[in-house]
Amino acid sequence: MRNLTLIAAAALLTLGACATPGDSGPPPVNSLARYSLQVEPGVDRIALAVRDDGLSANQRAALSDLAGRYVESRADWLRIEAPAGEDPVAAAQAYAVRDALQNMGVPGERIMVVGYSAPDPRAPVLAGFAVLRPVITNCANEPRAMESRYSNRSSPGFGCAITANMAAQIADPRDILGHRPVSPPDSGRAAVVFDNYRKGQNTSAPQEPLIEGNVSNAVD
């Protein structure tokens, strides 16, 4: 009986050595089940060198680009991180960055000025905000099976390139998580059209006088 127990235990160990974590679940039915669009957290941040004479023209241009990306991203906070220490120039640079961002259209109540531990009190001032980035799979590292197969299962790696290309082209990765809020319909124009329809009148908008007649009358 003891020998049978040892043999059974050895068999279980052998099976466990051959199994992999991916073998525990059912295989994916198709490429959509194997590869899907995903996002990961990231940071859109720039570093600005501390200058005795304040912000340079290049730094203001970089801040202007950052402010534009922040407004488009609809992020919650824009963080300004100054090197911790007692350096007055670095502190003045951080608040100069805040004032510049406010003048560029970033609401002051959404700007947060904090300190960070830096090895040098004249370390760069950081400005940025949290973003979501699409996960782009490196399809070159995905398994490929070019040999003959006698099943209806999808090939390993099939669908990776399509998913990676879609992830690289999506302008706003938040669209991967869900659709955007739908704006309310313009019911005013619809009411006018229905009212004209009930009266037997023309439901289309009147034609502009400038486009009546020949197209050659347009300014070239």
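Buried means under 20% relative accessible area, exposed means over 50%, and partly exposed lies in between. The exercises below use these cut-offs on a predicted model.

**Exercise 1. Classify Cys160 and find its bonding partner.**

Task: Is Cys160 buried or exposed, and which residue does a disulfide join to Cys160?

Solution.
- Step 1. Take the accessibility. Cys160 has 2% relative accessibility.
- Step 2. Apply the cut-off. Buried means under 20%, so Cys160 counts as buried at 2%.
- Step 3. Look for the partner. A disulfide joins Cys160 to Cys139, with 2.1 Å from S to S.
- Step 4. Check for others. A search of the whole structure finds one disulfide.
- Step 5. Read the handedness. The angle about the S-S bond is -95°, and the link of Cys139 and Cys160 is left-handed.
- Step 6. Place both ends. Cys139 sits in the loop between S4 and helix H5 (160-169), while Cys160 belongs to helix H5, so the pair ties together parts that are 21 residues apart in sequence.

**Exercise 2. Lay out the fold.**

Task: How many helices and strands does the protein have, and in what order do the elements run from the N terminus?

Solution.
- Step 1. Count. There are seven helices and four strands.
- Step 2. Order them. From the N terminus on, the pattern is α-α-β-α-β-α-β-β-α-α-α.
- Step 3. Add the burial. Of the 220 residues in the protein, 23% are buried.

**Exercise 3. Describe strand S4 and its neighbours.**

Task: Which strands pair with S4, and how many of the residues of S4 are buried?

Solution.
- Step 1. Start with strand S1 (residues 39-48). S1 pairs with S4 in the antiparallel sense, over 10 bridges.
- Step 2. Pick out a bridge. Arg45 has Gly128 in S4 as its bridge partner.
- Step 3. Turn to strand S2 (residues 78-83). S2 and S4 also pair in the antiparallel sense, over three bridges.
- Step 4. Pick out a bridge here too. Ile80 has Ala127 in S4 as its bridge partner.
- Step 5. Judge the cover. Seven of the 10 residues of S4 are buried, and the strand is mostly covered.

**Exercise 4. Characterise the largest pocket.**

Task: What is the volume of the largest pocket, and which element gives the largest share of its lining?

Solution.
- Step 1. Take the volume. The largest pocket has about 410 Å³.
- Step 2. Find the centre. The pocket is lined by 17 residues, and the closest to its centre are Ser73, Val131, Leu132, Asp172 and Pro173.
- Step 3. Name the elements. Helix H3 (57-73) and strand S4 (125-134) are the elements that give two or more residues to the lining.
- Step 4. Pick the main one. S4 contributes the largest share, six residues.
- Step 5. Sort by class. The lining has nine nonpolar, one polar and seven charged residues.

**Exercise 5. Examine two positive phi values.**

Task: Where is Arg74 placed, and which residue with a positive phi follows H7?

Solution.
- Step 1. Recall the norm. Most residues other than glycine have a negative phi.
- Step 2. Read Arg74. Its phi is near 60°, a positive value in a residue other than glycine.
- Step 3. Place Arg74. The residue is in the loop between H3 and S2.
- Step 4. Classify Arg74. Its relative accessibility is 48%, so Arg74 counts as partly exposed.
- Step 5. Move to helix H7 (residues 187-198). H7 has 12 residues and reaches 16 Å from its first C-alpha to its last, close to the 16 Å expected.
- Step 6. Look past the helix. Gly200 follows H7, with a positive phi near 75°.

**Exercise 6. Compare sequence and space.**

Task: What C-alpha distances separate Leu32 from Phe158, Arg110 from Leu78, and Ala190 from Thr203?

Solution.
- Step 1. Take Leu32, in helix H2 (residues 31-34). At 68% relative accessibility, Leu32 counts as exposed. Leu32 and Phe158 are 126 residues apart along the chain, and their C-alpha atoms are separated by 9.3 Å.
- Step 2. Take Arg110, in the loop between helix H4 (88-103) and strand S3 (111-116). Its relative accessibility of 36% makes Arg110 partly exposed. Leu78 is 32 residues away in sequence and 6.2 Å away, C-alpha to C-alpha.
- Step 3. Take Ala190, in helix H7. Ala190 is partly exposed at 34%. Thr203 is 13 residues away in sequence and 9.8 Å away, C-alpha to C-alpha.

How values were computed: Residues numbered from 1 in each chain as written. Predicted model: local features only at pLDDT ≥ 70, side-chain atom pairs only at ≥ 80, totals over all residues. Heavy atoms only, no water. 1 Å grid on protein atoms, 1.4 Å probe; cavity = no way out; pocket = protein on both sides within 12 Å on 5 of 7 lines; lining within 4 Å. Points joined across faces, edges and corners; volume = space filled by probe spheres on them. Nonpolar A, V, L, I, M, F, W, Y, C, P; charged D, E, K, R; others polar. Buried < 20%, exposed > 50% of the residue type's maximum accessible area, 1.4 Å probe, protein only. Pairing = 2+ DSSP bridges. Disulfide = S-S within 2.5 Å. Expected span 1.5 Å × (residues − 1).
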